[in-house]
Amino acid sequence: MRSLTVLALTSLNVVSVPANAQAPTREQAMRAAIHPVATQSEMREWLARVPVTRDWPPDFAETLKGQAPTFIIEMSTAPGCIPCADLWTRLGALGVSYRWQVRTIGAQEAMVRSGRLGLPWVGHPVAWVRPIADQGRIIPIAIGTDHAPNLARNLYLATKMLTGVKPAVGVRGMSKFTGIVGAPTRPSANRARN
């Protein structure tokens, strides 16, 4: 009975939306998709809402271990960024499990890469996979931190895309990025202003 009541109330809400309501702007959509966090508890609350990948292709482990010498994972980071530390830990564990290299890149390089791919810069962390021998071929696997199984799945799909799977197939299969990023740092009140 309770579920019928909820369904009825939900349908009333849908009916009451004005006909002249406008779609959200790109900026509103971006703000809704980005979740800046400043504490561990905020990060855990956002991560609790993220679905975890449970299905794996039969060649999953074989692909990741077999491609380890060819590819590298790179991520951006910033001092005091809680999601950056979380992502670094998760990627480090995946790197050990599948023998992948994981390294950090500077903020400037991260912004250039995001711009080259047409991604709005939302802050740290962002992680990419690329062939070791080709800095120009990059695929983002995380914007913000995520659960380890989702990162592993995105790592697998990026590997497949970089070795010949049609990009559209890989992008459709890739987990949605969480957007759980570090809160922007505020300038100190003691700093001299220009």
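These legends accompany several close-up views of a predicted model.

**Figure 1. The whole chain, before we zoom in.** Let's start with the overall make-up: the protein contains eight helices and six strands. Following the sequence from start to end, the elements come in the order α-α-β-α-α-β-α-β-α-β-β-α-α-β. Of the 194 residues in the protein, 37% are buried. Among contacts with a separation of 6 or more, 72% link residues that are 24 or more positions apart.

**Figure 2. Helices H4 and H7 where they cross.** Here we look at H4 (residues 60–67) and H7 (residues 148–162), whose axes come within 10 Å and cross at roughly 65°. That angle makes H4 roughly perpendicular to H7, and the crossing is left-handed. On the H4 side, the contact is made by Phe60, Thr63, Leu64 and Gln67. H7 contributes Ala152, Arg153, Leu155, Tyr156, Thr159 and Lys160. Sorted by class, this contact has five nonpolar, three polar and two charged residues.

**Figure 3. The two sides of helix H4.** Staying with H4, we can ask which of its residues are buried. They are Phe60, Thr63 and Leu64. Viewed down the axis of H4, the buried residues fall within an arc of 95°, so they line one face of the helix. Their packing partners are helix H5 (82–98) and H7. Turn to the other side of H4 and you will find Glu62 and Gly66, which are exposed.

**Figure 4. Helix H6 and the strands that cover it.** In H6 (107–116), the residues Ala110, Arg113 and Ser114 are buried. They cover an arc of only 100° around the axis, which puts them on the same side of H6. What covers these buried residues includes the strands E2 (71–76), E3 and E4. Gln108 and Gly115, on the other side of H6, are exposed. Just after H6 comes glycine 118, with a positive phi of about 75°.

**Figure 5. A cis peptide bond on the way into strand E4.** Most peptide bonds are trans, which makes a helpful backdrop for this view. The bond from histidine 124 to proline 125 is cis, with omega near 0°. Where does proline 125 sit? Its place is in the loop between H6 and E4.

**Figure 6. Tryptophan 128 in strand E4.** Strand E4 spans residues 126–131 and holds tryptophan 128. Is tryptophan 128 buried or exposed? With a relative accessible area of 1%, this side chain's residue counts as buried, because the cut-off for that label is under 20%. Serine 76 is a useful companion to display alongside: tryptophan 128 and serine 76 are 52 residues apart in sequence, yet their C-alpha atoms are 9.0 Å apart in space. Serine 76 belongs to strand E2 (71–76), one of the elements that cover the buried residues of H6.

**Figure 7. Arginine 99 and its positive phi.** Most residues other than glycine have a negative phi. Arginine 99, although not a glycine, has a positive phi of about 65°. Look for arginine 99 in the loop between H5 and strand E3 (101–105). Its relative accessible area is 56%, so arginine 99 is exposed, the cut-off for that label being over 50%.

Note on methods. Residues numbered from 1 in each chain as written. Predicted model: local features only at pLDDT ≥ 70, side-chain atom pairs only at ≥ 80, totals over all residues. Heavy atoms only, no water. Axes fitted to C-alpha atoms, helices over the stretch in contact; angles between N-to-C directions. Helix = DSSP H or I, 4+ residues; strand = E, 2+ residues; numbered from the N terminus. Parallel < 35°, antiparallel > 145°, perpendicular 65-115°, else oblique. Left-handed = near helix turned anticlockwise from the far one by under 90°. Contact = heavy atoms within 4.5 Å. Nonpolar A, V, L, I, M, F, W, Y, C, P; charged D, E, K, R; others polar. Buried < 20%, exposed > 50% of the residue type's maximum accessible area, 1.4 Å probe, protein only. Arc of directions from axis to C-beta.
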